[in-house]
There are 2 protein chains.
Amino acid sequence: MLRLTKKADYGLMALRYLAEQATLTSSNPARSAKDIAEAYHIPPQLLAKILQTLARAGLLVSHAGSTGGYALSRAAREITAFEVIRAIDGPLFITSCITIHGPCDLVGTCTIREPLRKVNESIKDLLNGILISDLVDMTEVDRQGAGTAVAGGLVSIAL
Amino acid sequence: MLRLTKKADYGLMALRYLAEQATLTSSNPARSAKDIAEAYHIPPQLLAKILQTLARAGLLVSHAGSTGGYALSRAAREITAFEVIRAIDGPLFITSCITIHGPCDLVGTCTIREPLRKVNESIKDLLNGILISDLVDMTEVDRQGAGTAVAGGLVSIAL
DNA sequence: CTCATACCAGACTCATTTAGTCGGTTATCA
DNA sequence: TGATAACCGACTAAATGAGTCTGGTATGAG
């Protein structure tokens with residue numbers, strides 16, 4: 001089915017939210033897991049775990065205490081969607097031939113591994129071309145009902 | 001995790017096999033599910049079901065009886081990897097926001113749906129650029145140890 | 001000082017999906 | 001007419017995903 005997990009979805013939404021907040025507020029950009037969860041109606045405990053994962057991966061900085069919360073560790077235009085997805089969902093494998101335990105038992109007989117590996121790389125490049133800042137920008141565009149502006153760059157994929 | 005199911009893997013391998021056989025034999029290109037399964041050490045009954053699905057989708061033609069089996073319904077260069085994957089794994093959704101039951105319950109609050117939809121389209125285009133004949137060609141290239149030749153086209157993706 | 005707030009960590013449950021099996025039916029050809 | 005092979009749906013088991021629970025630890029406000 002080739003779909004992202006809900007966790008990755010939630011993670012992207014949270015990062016986008018934090019990026020947006022960072023531009024709106026000058027002083028303390030930190031937001032608690034609870035706040036973000038309420039903003040999007042995400043199960044709070046689940047989001048908490050996701051944010052912890054992202055903090056462990058170095059994409060977020062966390063701070064405990066009453067004024068604490070999470071904030072982006074870098075600028076929004078220096079964090080890619082791929083990093084987020086990879087931190088949450090783990091390494092990206094389009095084929096089940098290539099797993100974390102090395103090649104599958106069809107080694108030698110599997111004839112489509114190499115082509116699919118290239119597709120894998122292409123998708124990775126594609127996701128690496130999407131920045132958290134792009135997510136914010138796109139929402140703004142949608143809000144204005146324009147749809148003409150094109151955010152982000154151009155990704156060329158050679159097979 | 002963004003991975004293909006094993007069924008889709010098996011389906012692609014089978015189609016590639018049938019494409020290869022079609023070029024090698026002049027007369028009857030049909031191969032039984034059992035033969036293909038044995039060639040790749042795939043559970044025969046499972047592959048049988050996959051081939052039936054592909055036949056129902058119009059990608060294969062089937063013929064019962066002692067000399068029967070499956071064959072490609074079109075030329076190998078007129079069948080895309082996307083068609084195969086879609087026939088087996090169903091519609092392709094990179095985000096769990098967009099499901100078969102329409103938009104998720106986060107409608108209105110989900111801020112990343114549109115960007116991810118575009119990624120989805122890009123992946124679709126990417127897979128549509130890969131033909132079954134490419135899979136055969138690539139294997140040949142690998143066999144020759146070349147690696148210089150590049151099969152397939154170039155897919156440009158605008159975000 | 002202390003307490004409410006918030007992060008941290010892991011075990012755990014429940015639901016869904018995936019992988020694979022089983023049994024029986026129908027079609028075709030030697 | 002019997003061997004071969006496609007067809008079909010129901011079924012089971014394993015893996016993954018989504019979400020919860022419980023018990024901690026840090027930190028700043030009052």
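The exercises below, each with a worked solution, concern a predicted model of protein chains and DNA strands.

Residues are numbered from 1 along each chain as its sequence is written, and chains are lettered from A and ligands numbered from 1 in the order in which they are written. In this predicted model, local features need pLDDT of at least 70 and side-chain atom pairs count only at pLDDT 80 or more, while totals for chains, interfaces and linings use all residues.

**Exercise 1. Chain A as a whole**

Task: Describe the elements of chain A, its burial and the confidence of its prediction.

Solution.
- Step 1. Chain A contains six helices and five strands. Helices (H or I, at least four residues) and strands (E, at least two) are DSSP runs, numbered from the N terminus.
- Step 2. Read from the N terminus, the order of the elements in chain A is α-α-α-β-β-α-β-β-α-α-β.
- Step 3. Of the 159 residues in chain A, 38% are buried. A residue is buried if 20 or more other C-beta atoms lie within 10 Å of its own, exposed if 12 or fewer, and partly exposed in between, with C-beta atoms placed from the backbone.
- Step 4. Among the contacts in chain A with a separation of 6 or more, 62% join residues 24 or more positions apart. Two residues are in contact if their C-beta atoms, placed from the backbone, lie within 7 Å.
- Step 5. Chain A has a mean pLDDT of 82, with 77% of its residues at 70 or more. In residues 144-159 of chain A the pLDDT is below 50, and this stretch has 38 contacts in the model beyond near neighbours in sequence. The pLDDT is the predictor's confidence in each residue, from 0 to 100.

**Exercise 2. The nonpolar core**

Task: Identify which residues have the most contacts inside the largest nonpolar core, and list the contacts of A:Ala14 beyond four places in sequence.

Solution.
- Step 1. A nonpolar core is a set of buried Ala, Val, Leu, Ile, Met, Phe, Trp, Tyr and Cys residues joined through C-beta atoms within 7 Å.
- Step 2. The largest such core comprises 87 residues, and A:Ala14 and B:Ala14 have the most contacts inside it.
- Step 3. Apart from neighbours within four places in sequence, A:Ala14 contacts A:Ile36, A:Leu47, A:Ile50 and A:Leu51.

**Exercise 3. The surfaces near the DNA strands**

Task: State which residues and elements make up the surfaces near DNA strand C and DNA strand D.

Solution.
- Step 1. A residue is near a strand if its C-beta atom, placed from the backbone, lies within 6 Å of it.
- Step 2. Around DNA strand C there are 27 residues, of which A:Ser62, B:Thr5, B:Lys6, B:Pro43 and B:Gly65 come nearest. Two or more residues each are given by helix H2 (33-40), helix H3 (44-56) and strand S2 (69-72) of chain A, and by helix H1 (6-24) and helix H3 (44-56) of chain B. H3(A) supplies the largest share, four residues.
- Step 3. Around DNA strand D there are likewise 27 residues, and A:Thr5, A:Lys6, A:Pro43, A:Gly65 and B:Ser62 come nearest. Here the elements with two or more residues are helix H1 (6-24) and H3 of chain A, and helix H2 (33-40), H3 and strand S2 (69-72) of chain B. H3(B) gives the most, with four residues.
- Step 4. The surface near DNA strand C consists of nine nonpolar, 13 polar and five charged residues. The surface near DNA strand D has nine nonpolar, 13 polar and five charged residues. Ala, Val, Leu, Ile, Met, Phe, Trp, Tyr, Cys and Pro count as nonpolar, Asp, Glu, Lys and Arg as charged, and the others, Gly among them, as polar.

**Exercise 4. The hairpin of chain B**

Task: Describe how S1(B) and S2(B) are arranged, and place B:Gly68.

Solution.
- Step 1. Strand S1 (residues 60-63) of chain B pairs with S2(B) in the antiparallel sense over four bridges. Two strands pair if DSSP finds at least two bridges between them.
- Step 2. B:Ser62 stands opposite B:Tyr70, and B:His63 has B:Gly69 as its bridge partner.
- Step 3. Five residues separate the two strands of this hairpin, and B:Gly65 in the turn has a positive phi of about 95 degrees.
- Step 4. B:Gly68 lies in the loop between S1 and S2 of chain B. B:Gly68 is partly exposed because 13 other C-beta atoms lie within 10 Å. Leaving aside neighbours within four places in sequence, B:Gly68 is in contact with B:Ala30, B:Ser32 and B:His63.

**Exercise 5. His41 in both chains**

Task: Determine whether A:His41 and B:His41 are buried or exposed, and give the phi of A:His41 and B:His41.

Solution.
- Step 1. A:His41 lies in the loop between H2 and H3 of chain A, and B:His41 in the loop between H2 and H3 of chain B.
- Step 2. A:His41 is exposed because 12 other C-beta atoms lie within 10 Å. B:His41 is exposed, also with 12 other C-beta atoms within 10 Å.
- Step 3. Although not a glycine, A:His41 has a positive phi near 60 degrees. B:His41, not a glycine either, has a positive phi of about 55 degrees.
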